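Thanks for making the time this morning. I would like to walk through one model with you, so please have the sequence and the structure open as I speak.

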There are 2 protein chains.
Amino acid sequence: MRMHASHPLSAFLPTRQLRVPQGDFDDEIGTDGRTIVYIEEGVVKLVGHLGADREQIAAFAFEGDVLVVPAHVSTPHTLHALKDSVVYFLRSDDLLLKGRPATGAGQLLDRILADLGRSRELSALLGRKSARERICGFLVEMEERIGRRENGAVTLDLPMSRREIGDHLGLTIETVSRQLTDLRERRAIATCGRSRIDILDPQGLRALAGSVD
Amino acid sequence: MRMHASHPLSAFLPTRQLRVPQGDFDDEIGTDGRTIVYIEEGVVKLVGHLGADREQIAAFAFEGDVLVVPAHVSTPHTLHALKDSVVYFLRSDDLLLKGRPATGAGQLLDRILADLGRSRELSALLGRKSARERICGFLVEMEERIGRRENGAVTLDLPMSRREIGDHLGLTIETVSRQLTDLRERRAIATCGRSRIDILDPQGLRALAGSVD
DNA sequence: CGTCACTTTGAGCAGGTTCAATCTTTGTGG
DNA sequence: CCACAAAGATTGAACCTGCTCAAAGTGACG
């Protein structure tokens, strides 16, 4: 499903490729209009800043994802790379007004709407789910987006820290840690080092995630 | 800023106008693809269903707003009219692939991105704000979207109930009520009946909303 | 092998929920 | 126009989930 090296985006629109090392790259985002980012390689997080060290991670974006950086909102948002990444920038103004909707435009719009869909899903999670449900919902989402099948179980290599997971799910690191410990004791997952998580019971996890499905 | 009677949307795209009485109109939404809704008149809410009477109101949409109904997400979403409304439906497939990007297309995309911006703002609110901050943030947003200036103060005629406010902000009706009472006692707002709220101290409200701004 | 950042675990606390009772608003029919 | 009913809103008291603060443990990298 991912766009390839000579992907449609750059084929018909004025994009700007950027290789970013792990870390911040806020300078690259224009503040005057909405920016659309396509992740060609790596992992990126979109962070909302509420002041006083309060952060809400609005989204994690992986290879092939599109991320819309909001403008004209009261919470300032910035982008950060969790790994060395290659991204393309695109101003929303350029998407339609220049004419020439090509093959890639529909795909791009689809991905923008997918981004919006994930945002709605996050709202439901933050507004109405318990800590247990949030963690399980997060693990299920990660499984679907970056899980690798490995003889039976699904393996996750999480590129984000406990703090970042907490800042995404509206929880503290302590609560994240406790919930993961609990899931480990229930044999729903197994952990190995800081970033690796094996999903032992995908169905159990989905049940605990508390969605309708 | 709102589109007018012969608005660009219908001028270049296959839309479907629908007059809906107050209440549900879920049947009208196709389940097979993402649906984009333009509110010509009235007020609409987008509801995410988490089962067991748990609801998250993802968005309220007023005249001139565009609302994207997410598809392919694990939380089913439905639309409801809070008043008699007139809305236009548009499938995302039809937006770009048919060619002919017209004047309205850019405007429409802008509004889709505005919808996404509001969704990000909501995530920040739900993930990281206290009950007090949520209520104040909500009032400030409503002030900006549907507030009417009336000799000095700004007046709101809220079309939603306390329950709906709670289901939007991730709070119970009791907490919403208590917070409003508290704001009334601090002389930040005044209430009149169930739906009318006068904003007496807009700046104070913004300060209590806890955004950076 | 030592250091530093990150993670885990524990104990006490607090903001918001739950449950229950009362009060207010709104709409309806006499 | 008033009385009544039903839905919605407010208030109170007890409780509970997740937070805060603190300390100990673990992994990653020089």
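Which residues are the closest to DNA strand C, and how many surround this strand? Before I answer, please keep in mind that this is a predicted model, and that every value I quote has been computed from it. The count is 18 residues around DNA strand C, and the closest are S177(A), R178(A), T181(A), A131(B) and T175(B).

Let me stay with that strand for a moment. Of the atoms of DNA strand C within 4 Å of the protein, 61% are sugar or phosphate atoms, with the rest belonging to bases. On the phosphate side, an N or O atom in the side chain of T175(B) is placed 2.3 Å from a phosphate oxygen of DNA strand C, and for T172(B) the corresponding distance to a phosphate oxygen of the strand is 3.1 Å. On the base side, a polar side-chain atom of R194(B) lies 2.9 Å from a base oxygen of DNA strand C. If we ask which elements give two or more residues to the surface near this strand, they are α5 (162–169) and α6 of chain A, together with α6 of chain B. It is α6(A) that provides the largest share, with 5 residues. Sorted by class, the surface near DNA strand C holds 9 charged, 7 polar and 2 nonpolar residues.

Now to the other strand. DNA strand D is surrounded by 17 residues, and the closest of these are A131(A), T175(A), R162(B), S177(B) and T181(B). Sugar or phosphate accounts for 63% of the atoms of DNA strand D within 4 Å of the protein, and bases for the rest. Two side chains of chain B have polar atoms placed by phosphate oxygens of DNA strand D: that of T181(B) at 2.5 Å, and that of S177(B) at 2.8 Å. R178(B), by contrast, has a polar side-chain atom 2.9 Å from a base nitrogen of DNA strand D. The elements giving two or more residues to the surface near this strand are α6 (173–185) of chain A and α6 (173–185) of chain B, and α6(B) gives the most, with 5 residues. The classes here are 8 charged, 7 polar and 2 nonpolar residues.

How, then, are the two protein chains related? Chain B can be laid on chain A by a turn of 180 degrees and a shift of 0.0 Å along the axis, with an RMSD of 0.0 Å. That is the relation of a two-fold axis. Both copies use the same surface, in that 100% of the contact residues of chain B recur in chain A.

One residue that reaches across to the partner chain is R128(A), which is found in helix α3 (residues 103–128) of chain A. Is R128(A) buried or exposed? Its relative accessibility is 18%, and so R128(A) counts as buried. Leaving aside residues up to four places away in sequence, R128(A) touches E133(A) in its own chain and several residues of chain B, among them L50(B), R54(B), E55(B) and D167(B). With D167(B), the side chain of R128(A) forms a polar contact of 3.0 Å.

E133(A) takes us on to helix α4 (residues 131–146) of chain A, whose 16 residues reach 22 Å from the first C-alpha to the last, close to the 22 Å expected. Of these 16 residues, 12 are buried, so α4(A) is largely enclosed by the rest of the structure. The buried set includes E133(A), I135(A), F138(A), L139(A) and I146(A). For the chain as a whole, 56% of the 213 residues of chain A count as buried, and chain A has 7 helices and 12 strands.

I will finish with two backbone details in chain B. A52(B), in the loop between β4 (44–49) and β5 (55–61), has a positive phi near 55 degrees although it is a residue other than glycine, and A52(B) is exposed, with a relative accessible area of 71%. R187(B), in the loop between α6 and β11 (189–192), is likewise not a glycine and has a positive phi of about 65 degrees; at 62% relative accessibility, R187(B) counts as exposed.

How values were computed. Residues are numbered from 1 along each chain as its sequence is written. Chains are lettered from A and ligands numbered from 1 in the order in which they are written. This is a predicted model: local features need pLDDT of at least 70, side-chain atom pairs count only at pLDDT 80 or more; totals for chains, interfaces and linings use all residues. Side-chain values use heavy atoms; hydrogens and water are left out. Helices (H or I, at least four residues) and strands (E, at least two) are DSSP runs, numbered from the N terminus. The expected span of a helix is 1.5 Å times one less than its number of residues. Buried means under 20% relative accessible area, exposed over 50%, partly exposed in between (1.4 Å probe, protein chains only). A residue is near a molecule or strand if one of its heavy atoms lies within 4 Å of it. A polar contact is a pair of N or O atoms within 3.5 Å; within protein, one must be able to donate a hydrogen and the other to accept it, and residues adjacent in sequence count only if both atoms are side-chain atoms. Ala, Val, Leu, Ile, Met, Phe, Trp, Tyr, Cys and Pro count as nonpolar, Asp, Glu, Lys and Arg as charged, and the others, Gly among them, as polar. Copies are superposed by least squares on the C-alpha atoms of residues with pLDDT of at least 70 in both. Contact means heavy atoms within 4.5 Å.
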